[in-house]
Every structure is written in structure tokens, then in C-alpha cells.
Amino acid sequence: MGSISEFIERNFRHFNAAVLKDAADAYIAHLDRGGTMMITLAGAMSTAELGVSLAEMIRRDKVHAITCTGANMEEDLFNLVARSKYERIPNYRELSPQQEQELLRRHLNRVTDTCIPEEEAMRRIERVVLDEWVAASEKNQRKFPHEFLYKILRECRIDPVDSWMVAAAHKELPLFVPGWEDSTLGNIYAARCITGAINNVQAMRSGLEYMIELADWYRRVSKDSSIGFFQIGGGIAGDFPICVVPMLNQDVVNTPVPEWGYFCQISDSTTSFGSYSGAVPNEKITWGKLNVDTPRFVIESDATIVAPLVFAKILGW
């Protein structure tokens with residue numbers, strides 16, 4: 001074990017810390033039994049530099065599919081091409097509206113304490129991917145959002161060390177991106193359809209098609225392997241893929257599939273007022289997503305801190 005793993009073994013013995021260790025150990029055990037694992041990414045985990053550990057998880061075949069928001073997918077690329085131009089604002093909680101307006105004037109898009117520069121990040125990626133979108137539109141081809149980016153990343157000569165998207169592209173990792181339309185690139189795609197640069201909106205495949213693709217993947221993989229679910233944050237990134245099991249078993253019906261074989265949820269959300277993002281694993285049993293024997297873990301903490309620690313333990317760092 002590396003120094004981080006040794007630190008966790010020595011110090012993380014009780015309370016929320018113990019659950020972190022237990023979840024990491026169960027993840028390792030799940031893979032050792034021949035299981036596969038889906039990871040879901042909510043929030044702004046890519047801007048929080050999750051790629052440093054997640055890219056290595058992908059390269060070592062410890063992740064077999066990812067469901068993420070469009071923001072997480074694109075922000076990994078923004079970070080890849082423009083990280084040296086980012087500005088960090090340590091006192092972001094103390095900014096006045098006037099100071100926020102000044103950031104806007106400088107075209108700096110703030111994500112908590114990190115400002116992403118529009119021209120060096122968003123517009124740079126737009127210029128590259130727009131050619132792919134237009135070409136697909138003119139040829140009446142249809143692709144998923146991530147497929148356009150995978151093609152570009154496989155053709156580029158760039159340092160991939162901390163980019164989970166580059167690692168995923170080279171592995172042809174199954175990627176599912178529900179609600180892509182509300183991302184920056186999703187907004188840009190809609191804008192280019194409005195302005196006429198893209199003449200066929202159907203060149204981009206939809207969220208419903210992502211669900212159908214996910215169902216096909218789950219049916220194929222679950223025939224030979226138990227599939228685990230590692231949820232980082234809440235929202236659509238987790239809610240979308242976990243529904244595939246009851247959909248197949250209760251709505252498609254003719255091809256029963258096993259429930260998820262491992263479940264871990266990292267979130268600082270609570271279940272107060274019925275917050276679904278904070279729904280505890282036991283509730284998912286009544287919806288047919290997990291079974292009574294599924295190893296279940298809830299780590300109630302900031303995912304930007306916890307997720308890299310779990311990955312470090314799994315990687316033996």
C-alpha cells in the first residue's frame with residue numbers, strides 16, 4: 001500500500017471515515033469477484049480535479065462505465081486545454097455583486113473558487129467540435145454528445161495524464177450523458193441550430209436514446225457480471241442510470257435482469273423535505289433498484305474530498 005492507503009487504514013476506523021474505508025474495500029472485493037462498476041459524476045467534479053485519480057482508475061480497468069452530467073464531461077476538457085489560464089478565488093464567499101460583475105466582464109465563469117476562462121476553454125473547444133457537428137449534420141449522421149468528443153480526443157496529441165475523458169476515449173469506455181442540453185456545449189449546439197450553422201438538430205442523439213443504449217449495455221454486461229453503482233453526488237447523473245433496472249424488470253418485463261450488485265453514495269445532501277438526491281439506499285430496494293443482499297454504503301461528506309480518497313485506496317496509492 002501507498003502512504004494514502006496506509007493513512008486510511010490507520011486512521012479511518014469509525015463513523016463516516018470508517019464507511020469510506022469499508023466502501024473502498026467492498027469496491028475492491030466486488031472487482032476481485034469479477035464484478036464491473038459504473039461511476040456517476042454529479043456537480044463540478046471535473047473542475048475539482050477528479051481526473052487526477054479517475055483517469056488512473058479508468059486506465060487500470062477499475063471503472064467500466066460512467067454516467068455524468070454534460071458539465072462534468074466538458075469541464076474535464078476545459079481543464080485539459082486551459083488549466084494554466086484558470087484563476088482561483090480563495091475568498092469567493094466574500095465577493096460583492098460588483099466583483100462578480102467584473103469577473104463576467106473579463107469572461108471568467110466562476111465555479112465556486114475556480115474561474116474558467118471563456119475564450120481559452122469554452123470557445124477553444126467549440127471551434128474544434130463545431131466542425132464535427134456540422135459535418136455530421138450535412139452527412140445526415142447521428143451521434144451521442146460524447147462520441148463527437150471521443151473522436152476528437154483520439155486524434156489529438158495532448159498530455160492525457162489528468163484527463164479522465166482522454167482515458168475514457170482511448171478505452172472506448174461506455175459513457176452516458178443525460179440532460180446534456182443544459183451544459184455549455186449543449187447550449188452552444190442549440191445556438192448553432194438557431195443561427196443556422198447546424199441545419200439538422202437530429203445530428204445529436206437524445207437522452208431517451210441514451211437510456212435505450214444504457215439498457216442494452218446493462219442487459220449484455222449483467223449476463224456475465226455483477227454490476228456495481230458508485231454514485232458521486234446526486235441529481236440526474238445518479239437518478240438516470242439507477243432507473244434502468246426497474247425499467248427493464250417492470251416495464252420491458254420480458255428480459256429480467258439482476259439488481260445492482262454494489263451501491264455507494266457520496267453526498268452531503270440530506271433527506272430532509274424528501275430530497276431525492278439524498279435518498280438512502282434502503283429506499284431504493286422498494287423501487288426494485290437494489291436487493292436485500294446488495295452491499296450498501298452512504299458517505300455523508302463533500303464528494304470533492306471523499307471521492308479522491310476512495311479512489312486512492314482502491315488504487316493502492
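Biologist: Where in the secondary structure is Ala18 placed, and is Ala18 buried or exposed?

Modeller: In this predicted model, Ala18 sits in helix α2, which covers residues 15–32. The cut-off for calling a residue buried is a relative accessible area under 20%, and Ala18 is counted as buried because its relative accessible area is 13%.

Biologist: Which residues does Ala18 touch, once residues up to four places away in sequence are not counted?

Modeller: With those neighbours set aside, Ala18 touches Phe12 and Arg13. Ser163, by contrast, lies 145 residues from Ala18 in sequence, and the two C-alpha atoms are 29 Å apart in space.

Biologist: How should I read a helix, and how many residues of α4 are buried?

Modeller: The general idea is that an α-helix has 3.6 residues a turn, so residues three or four places apart point the same way. Here, helix α4 runs over residues 70–82, and its 13 residues reach 18 Å from the first C-alpha to the last, close to the 18 Å expected at 1.5 Å a residue. The helix is mostly covered, since 10 of the 13 residues of α4 are buried, among them Gly70, Met73, Leu77, Phe78 and Ala82. The buried residues of α4 also include Glu74, Glu75 and Asp76.

Biologist: I would like to turn to empty space; which residues lie nearest the centre of the largest pocket?

Modeller: Rolling a probe the size of a water molecule over the atoms shows where empty space is left. In this structure the largest pocket holds about 350 Å³ of space, and of the 19 residues that line this pocket, Ala44, Met45, Ala48, Asp302 and Thr304 lie nearest its centre. By residue class, the lining divides into eight nonpolar, eight polar and three charged residues.

Biologist: Which residues other than glycine have a positive phi, for instance near 70° or about 60°?

Modeller: Val253 is one of them, with a phi near 70°, and Val253 lies in the loop between α12 (244–252) and β8 (262–266). Asp61 is another residue that is not a glycine, and its positive phi is about 60°; Asp61 is found in the loop between α3 (51–59) and β2 (65–68).

Biologist: Why do Val253 and Asp61 count as they do in terms of accessibility?

Modeller: Partly exposed is the class that falls between under 20% and over 50% relative accessible area. Val253 is therefore partly exposed, having a relative accessible area of 46%, and Asp61 is partly exposed because its relative accessibility is 44%.

Biologist: Is Asp182 buried or exposed, and in which loop is Asp182 found?

Modeller: Asp182 counts as exposed because its relative accessibility is 65%, and its position is in the loop between β6 (175–176) and α9 (184–195). Glu213 is 31 residues from Asp182 along the chain, and their C-alpha atoms are separated by 20 Å.

Biologist: What can be said of the protein as a whole, beginning with its helices and strands?

Modeller: The secondary structure comes to 14 helices and nine strands, and 49% of the 317 residues count as buried. Along the principal axes, the C-alpha atoms fill a box of roughly 55 × 50 × 45 Å. A compact globule of 317 residues would have a radius of gyration near 20 Å, and the protein agrees with that expectation because its own value is 20 Å. Among contacts with a separation of 6 or more, 75% are accounted for by residues 24 or more positions apart.

Note on methods. Residues numbered from 1 in each chain as written. Predicted model: local features only at pLDDT ≥ 70, side-chain atom pairs only at ≥ 80, totals over all residues. Heavy atoms only, no water. 1 Å grid on protein atoms, 1.4 Å probe; cavity = no way out; pocket = protein on both sides within 12 Å on 5 of 7 lines; lining within 4 Å. Points joined across faces, edges and corners; volume = space filled by probe spheres on them. Nonpolar A, V, L, I, M, F, W, Y, C, P; charged D, E, K, R; others polar. Helix = DSSP H or I, 4+ residues; strand = E, 2+ residues; numbered from the N terminus. Expected span 1.5 Å × (residues − 1). Buried < 20%, exposed > 50% of the residue type's maximum accessible area, 1.4 Å probe, protein only. Rg over C-alpha atoms; globule rule 2.2 N^0.38 Å. Contact = heavy atoms within 4.5 Å.
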